[in-house]
Amino acid sequence: MNNASHLSLILDLSPSQWHLSAAPSNTHPLPFKTFLSHVLTFLNSHIAQMHENSLAVFGALPGKSIMLYSSSDVSGGPEVPADSNAYRPFKLMNSIVARNIEAELELLETMGDEPPVALVGALTKALCYINRITHTTSGSSAEDSAVAADPRILILSVSPDLSSSYIPIMNSIFSAQKNKIIIDVCKVYGADTVFLQQAAHLTGGSYIDLERRDALLQYLVMSFLPPPTMRQFIAVPKQDKVDFRAACFCHKNIVDIGFVCSVCLSIFCSPVPVCSTCRTKFPMKTLQRLNASRPAVPSANGSANGTPRPPSKPATPMSASLR
Amino acid sequence: MDPGSDSDSLDEGVLTVRGRNKAARAKGVDPHNDKGKAKAKEQAYAWEANFTRSWDTVQEDEGGSLQGAVEELMARGRRRRLLAPAAAIRRTIIRHLILLLDLSSAMMDRDMRPTRFDLTLEYAREFITEWFDQNPLGQVGVVGMRGGIGERIGEMSGNPQDVLKSLSERHKLEPAGEPSLQNAIEMARSSMSHLPTHSSREILIVFGSLTTVDPGNIYDTLQSCIKEKIRISLVALAAEMKICRELCDKTGGQFGVAMNEGHFKDLIFELIPPPAQRAVARATGGGTTNPAADLMMMGFPTRLPDTAPPALCVCHAELRPAGFLCPRCGAKICDVPTDCDVCGLMIVSSPHLARSYHHLFPVKPYIPISSLDGAPKPTKHCHACSQPFRAQATASLADGMSSLGRYRCPDCSNDFCTDCDVFVHDVVHCCPGCEK
């Protein structure tokens with residue numbers, strides 16, 4: 001129970017999504033500034049919990065990902081003016097994170113078109129960083145190996161799913177699973193993301209979609225502050241329904257019935273004569289059979305749009321009658 | 001600080017020793033060629049050879065440090081990755097395996113601790129767990145051979161729990177009588193005859209006896225296995241028998257004789273990664289259509305939580321809260337992967353498929369950087385874990401290692417440290433720079 005825990009926080013810093021989030025037309029508008037102050041308070045309480053707790057903050061920006069702060073290499077940063085009213089480690093962390101975000105956002109200003117946020121980059125960096133700190137501590141001595149046990153990753157997401165990143169996200173999830181790293185996801189703004197739901201489900205973390213977005217800090221503290229060892233004693237909210245749909249390789253649509261190549265397991269949204277991944281040719285007979293048996297309705301709305309559908313659909317009359 | 005770093009290198013030194021041990025042991029394995037056998041002949045018997053202490057093979061350098069040995073080991077790992085064939089190999093992803101366990105009285109021998117039988121059961125359980133981890137779409141059945149007949153212990157199943165359950169009751173598997181290879185193989189063969197062509201059919205035999213009592217000609221069984229493209233692999237616990245080797249060689253499987261407990265485990269765990277699909281299958285089917293390949297329709301279900309209102313499932317007709325909904329007909333199913341009982345759709349969860357994608361899209365090997373002259377503005381930190389790079393190049397390095405500890409991705413030209421290079425290629429399978 002007294003183990004220190006490591007938290008890697010991934011901030012989704014998509015300017016356009018944050019602009020939408022702050023719009024007063026929302027029921028609970030949440031501007032980035034308020035968001036950041038909530039998050040910093042949360043991080044402060046993580047550090048305050050135990051002296052050995054470690055922390056790393058990563059930012060997923062449009063087209064790039066960076067490390068904003070890490071508690072292990074703090075020394076290089078520039079001087080922060082002393083403040084008698086603030087606990088110095090808090091002050092130091094807050095100002096470094098805020099300054100780095102500001103610097104990065106300033107760099108963004110020059111870009112015209114906004115590429116999607118580099119969530120995968122941030123996630124893999126967080127994994128590599130956790131790998132590094134667990135490696136270096138476990139080697140040095142038996143006592144130290146307790147430090148930085150229990151690593152976890154918290155993703156504060158505002159952007160929608162990027163279907164082209166399906167494979168790298170799944171690969172990252174499996175490596176997290178292998179290394180027993182929990183991935184928590186808090187969906188601060190926007191529709192549910194199928195991939196992050198799966199990430200939380202597969203690694204044993206929780207996925208929370210905010211109802212009252214102005215109460216972000218309360219959500220963060222109540223559900224994400226307790227370290228994994230503590231969670232077995234408290235009722236952490238879990239998501240109720242997990243959507244196991246995948247993205248097809250041809251159009252990157254998210255499909256619930258797909259056509260799968262037996263050689264390489266590539267998923268296609270419609271029967272294709274040749275597999276685009278491994279160039280295997282499929283028998284004509286299979287194609288005809290599949291085309292004939294293909295359900296008309298799901299394929300029509302499956303390929304109609306490139307964006308994920310809201311996951312409320314799959315309750316069909318059949319299941320309703322079974323209940 | 002000093003003592004810390006000292007114990008660090010010592011730790012890794014031990015690892016090195018173990019690695020070498022393994023390499024030395026692996027020499028005993030000879031997958032379907034006779035080279036290893038000839039080699040073994042030259043060495044006469046193991047007990048006649050000079051006893052080499054594993055710790056003697058690790059050489060300290062002038063400073064008394066093991067760093068050199070450790071780095072050499074890592075370099076070897078890197079080189080192996082670079083040597084991996086760039087051309088695509090087709091691996092069988094949907095596998096079907098029958099685990100054939102010898103339950104004859106020969107398995108009660110105590111040459112492996114505690115007995116051959118107990119050890120086999122223990123390793124079989126570990127094997128099943130690991131096998132399903134790497135082959136999530138595969139199915140395993142268990143057949144035992146005792147008292148001269150083949151005995152079905154576990155039906156072919158895609159659920160590791162079912163298979164483990166069939167192996168869990170030791171008293172039901174108590175060894176007795178003589179084994180019959182032919183009877184057992186025939187039983188395994190008949191339970192795989194209905195499988196579709198795009199999946200693999202494999203038999204793994206753990207054989208402890210030196211005899212087999214067969215009702216007919218076992219070579220007929222061998223011929224029919226070849227015809228049905230069943231791959232037989234065999235791990236012998238006692239000694240090599242001609243028929244065992246022939247079974248493996250003719251069907252393209254692997255044969256090995258376990259020398260000790262560790263070697264036994266290595267031998268059976270070698271069969272876990274999906275095998276490369278045999279060229280024969282491609283040669284006969286190549287051209288316009290390939291019978292070994294097929295397009296399959298699969299459904300990705302929605303998972304219901306434990307808190308959902310209980311409903312009847314179609315597989316057991318029991319009231320349960322949790323379960324999966326078939327995307328086509330909405331029927332409720334207890335477990336995936338399976339075929340929907342109502343509409344017959346193959347239902348898998350997408351993570352099951354995704355688990356094998358890293359075989360398909362591997363990360364390109366990083367290039368070791370040994371000088372910073374070309375780069376206009378070298379980064380100071382590892383792109384992935386932000387660890388600072390060392391400024392001075394270290395002398396005396398093995399081939400394929402960077403003297404600066406920098407490895408560059410050929411696509412995104414970001415630099416990574418040694419640890420991240422290994423971690424990215426072996427675990428994450430996704431480059432943090434290019435995000436794919």
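The exercises below, each with a worked solution, concern a predicted model with chains A and B.

**Exercise 1. Determine how many residues of chain A and chain B are in contact, and how much area is buried between the two chains.**

Solution. Begin with the contacts: 67 residues of chain A touch 68 residues of chain B. Next, consider the area. About 5,800 Å² is buried between chain A and chain B, and carbon and sulfur atoms account for 65% of this. On the side of chain A, the residues that lose the most area to chain B are A:Phe244, A:Ser262 and A:Leu265, which together make up 12% of what that side buries.

**Exercise 2. State how many salt bridges and how many residue pairs in polar contact the rules find across the interface of chain A and chain B, and describe the side of chain A that touches chain B by element and by class.**

Solution. For salt bridges, the count across the interface is zero. For polar contacts, six residue pairs are found, with both residues at pLDDT 80 or more. Turning to the elements, those of chain A that each supply at least two residues to this side include helix 5 (166-178), strand 10 (257-261) and helix 9 (284-293). Helix 4 of chain A gives the most, with 11 residues. By class, the side of chain A that touches chain B comprises 36 nonpolar, 21 polar and 10 charged residues.

**Exercise 3. Identify the strand of chain B that is joined to strand 7 of chain A, and give the direction of the pairing.**

Solution. The partner is strand 8 (residues 302-304) of chain B; two bridges join it to strand 7 of chain A, and the two strands run antiparallel. At the level of residues, A:Val242 stands opposite B:Arg303.

**Exercise 4. Give the strand order of the open sheet of three strands in chain B, and explain which strands stand at its edges.**

Solution. The order is 15-16-17, with antiparallel pairing. Strand 15 (367-369) and strand 17 (415-416) of chain B each have a single partner strand, so one side of each is without a neighbour in the sheet, and both stand at the edges. Strand 15 of chain B is joined to strand 16 (residues 406-408) of chain B by three bridges. Within this pairing, B:Pro368 has B:Tyr407 as its bridge partner.

**Exercise 5. Locate B:Pro114 and B:Ser386 in chain B, and describe the backbone geometry reported for each.**

Solution. As background, most residues other than glycine have a negative phi, and most peptide bonds are trans. The peptide bond from B:Arg113 to B:Pro114 is cis, with omega near -10°. B:Pro114 lies in the loop between strand 1 (95-102) and helix 4 (116-134) of chain B. B:Ser386, a residue other than glycine, has a positive phi, near 60°. Its place is the loop between strand 15 and strand 16 of chain B.

**Exercise 6. Give the number of salt bridges over all chains, and place the pair A:Glu104 and A:Lys64 in the chain.**

Solution. The structure holds 22 salt bridges over all chains. In one pair, the side chains of A:Glu104 and A:Lys64 meet at 3.0 Å, N to O. A:Glu104 belongs to helix 3 (residues 88-108) of chain A and A:Lys64 to strand 3 (residues 64-70) of chain A; the two are 40 residues apart, and the pair links distant parts of the chain.

**Exercise 7. Assess the confidence of the model along chain A.**

Solution. The average pLDDT of chain A is 79, and 81% of the residues score at least 70. Over residues 138-147 of chain A, pLDDT stays under 50, and the model has 12 contacts beyond four places in sequence for this stretch. Residues 297-323 of chain A also have a pLDDT below 50, with 38 contacts beyond near neighbours in sequence.

Technical notes
Residues numbered from 1 in each chain as written. Chains lettered and ligands numbered in written order. Heavy atoms only, no water. Contact = heavy atoms within 4.5 Å. Buried area = accessible area lost by both parts, 1.4 Å probe. Salt bridge = Lys/Arg side-chain N within 4 Å of Asp/Glu carboxyl O. Polar contact = N/O pair within 3.5 Å; in protein donor to acceptor, adjacent residues only side chain to side chain. Helix = DSSP H or I, 4+ residues; strand = E, 2+ residues; numbered from the N terminus. Nonpolar A, V, L, I, M, F, W, Y, C, P; charged D, E, K, R; others polar. Pairing = 2+ DSSP bridges. pLDDT = per-residue confidence, 0-100.
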